[in-house]
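Here is a friendly walk through one protein chain, written for someone who likes to keep the model open while reading. Turn it as you go and look for each residue when its name comes up.

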Amino acid sequence: GTHVDLNPSVHFMDENIFPEPEKNIPERWMREGTEKDVHPYLLTPFGHGTRMCAGRRFAEQDLYVLLARIIGRYKLEMCPGETVGQTYHTLLFPDKPLRIKFIDRLGGKES
């Protein structure tokens with residue numbers, strides 16, 4: 001068979017779909033009934049329909065629990081002056097290791 005890779009980042013950089021695609025605008029992912037809502041099938045990392053990944057709900061639940069625990073315990077900050085670019089290898093990755101400070105919310109110590 002033929003291996004096919006679908007690259008959603010092509011759509012993410014299309015100004016017809018995402019105005020100002022280079023800007024970080026988290027609100028664009030909120031579904032508020034605006035005329036510029038993101039199409040629900042634009043990003044389907046687990047597939048869709050009857051052939052959707054059976055482990056999707058478990059993976060999403062694990063991510064939510066992990067993120068809630070990390071954010072509940074730590075404040076995350078980028079190191080001052082750090083910039084992050086992207087490199088493409090089927091998925092987008094940071095172009096260098098991320099340097100993030102984890103500051104304990106309870107004791108104020110950095111990790």
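Met78 counts as partly exposed because its relative accessibility is 37%, which lies between the 20% limit for buried and the 50% limit for exposed. You will find Met78 in strand 1, which covers residues 74–78. Which residues join Met78 in a nonpolar surface patch? Its partners there are Leu76, Val84, Leu98 and Ile100, and the patch comes to about 390 Å². Please keep in mind that this is a predicted model.

**The overall layout**

Let us step back to the whole chain. Two helices and four strands make it up, and read from the N terminus the order is α-α-β-β-β-β. Of the 111 residues in the chain, 11% are buried.

**Aromatic pairs**

How many aromatic pairs does the structure hold? There are two of them. One is formed by Phe12 and Phe18, which meet edge-to-face with 5.7 Å from centre to centre and 70° between the planes. Phe12 is partly exposed because its relative accessibility is 22%, whereas Phe18 is buried because its relative accessible area is just 3%; the cut-off for buried is under 20%. Tyr74 and Phe102 form an aromatic pair too, edge-to-face, with 5.7 Å between centres and 85° between the planes. This pair links distant parts of the chain: Tyr74 sits in strand 1 and Phe102 in strand 4 (residues 100–104), 28 residues apart. With a relative accessible area of 29%, Phe102 is partly exposed.

**Salt bridges**

Now for the charged side chains. A general point helps here: side chains of opposite charge can pair when their charged atoms come close. The whole structure has seven salt bridges, and the table gives some of them, with the distance between N and O.

| Acidic residue | Basic residue | N to O distance |
|---|---|---|
| Glu60 | Arg57 | 3.6 Å |
| Glu77 | Lys75 | 3.3 Å |
| Glu77 | Lys101 | 3.9 Å |

Where do Glu60 and Arg57 lie? Both are in helix 2, three residues apart, which is about one turn of the helix. Is Glu60 buried or exposed? Glu60 counts as buried because its relative accessibility is 17%, while Arg57 counts as exposed because its value is 55%. Arg56 comes into the picture as well, since Arg56, Arg57 and Glu60 are linked in a network of salt bridges.

Glu77 appears twice in the table, with Lys75 as one partner and Lys101 as another. Glu77 and Lys101 link distant parts of the chain, with Glu77 in strand 1, Lys101 in strand 4 and their positions 24 residues apart. Glu77 is partly exposed, at a relative accessible area of 28%, and Lys75 is partly exposed too, at 41%.

Strand 1 is worth a second look on your screen. Met78 belongs to strand 1, Tyr74 in strand 1 pairs with Phe102 in strand 4, and Glu77 in strand 1 is bridged to Lys101 in strand 4.

**The largest pocket**

How much space lies in the largest pocket? The answer is about 1700 Å³. The lining of this pocket counts 44 residues, and Pro8, Ser9, Phe12, Trp29 and Leu43 are the ones that lie nearest its centre. Phe12 may sound familiar, as it is also the partner of Phe18 in an aromatic pair. Helix 1, helix 2 and strand 3 (91–94) each supply at least two residues of the lining. Which element gives the largest share? That is helix 2, with six residues.

**An unusual backbone angle**

One last stop is Glu20. This residue has a positive phi of about 55° although it is not a glycine. To find Glu20, look in the loop between helix 1 (9–12) and helix 2 (56–73). Glu20 is partly exposed because its relative accessible area is 42%.

Notes
Residues numbered from 1 in each chain as written. Predicted model: local features only at pLDDT ≥ 70, side-chain atom pairs only at ≥ 80, totals over all residues. Heavy atoms only, no water. Patch = residues over 30% accessible without salt bridge, like charges linked within 9 Å, V, L, I, M, F, W, Y side chains within 5 Å. Areas by Shrake-Rupley, 256 points an atom, 1.4 Å probe, with all protein chains shown as cover. Salt bridge = Lys/Arg side-chain N within 4 Å of Asp/Glu carboxyl O. Buried < 20%, exposed > 50% of the residue type's maximum accessible area, 1.4 Å probe, protein only. Phe/Tyr/Trp six-rings, centres within 6.5 Å; stacked < 30°, edge-to-face > 60°. 1 Å grid on protein atoms, 1.4 Å probe; cavity = no way out; pocket = protein on both sides within 12 Å on 5 of 7 lines; lining within 4 Å. Points joined across faces, edges and corners; volume = space filled by probe spheres on them.
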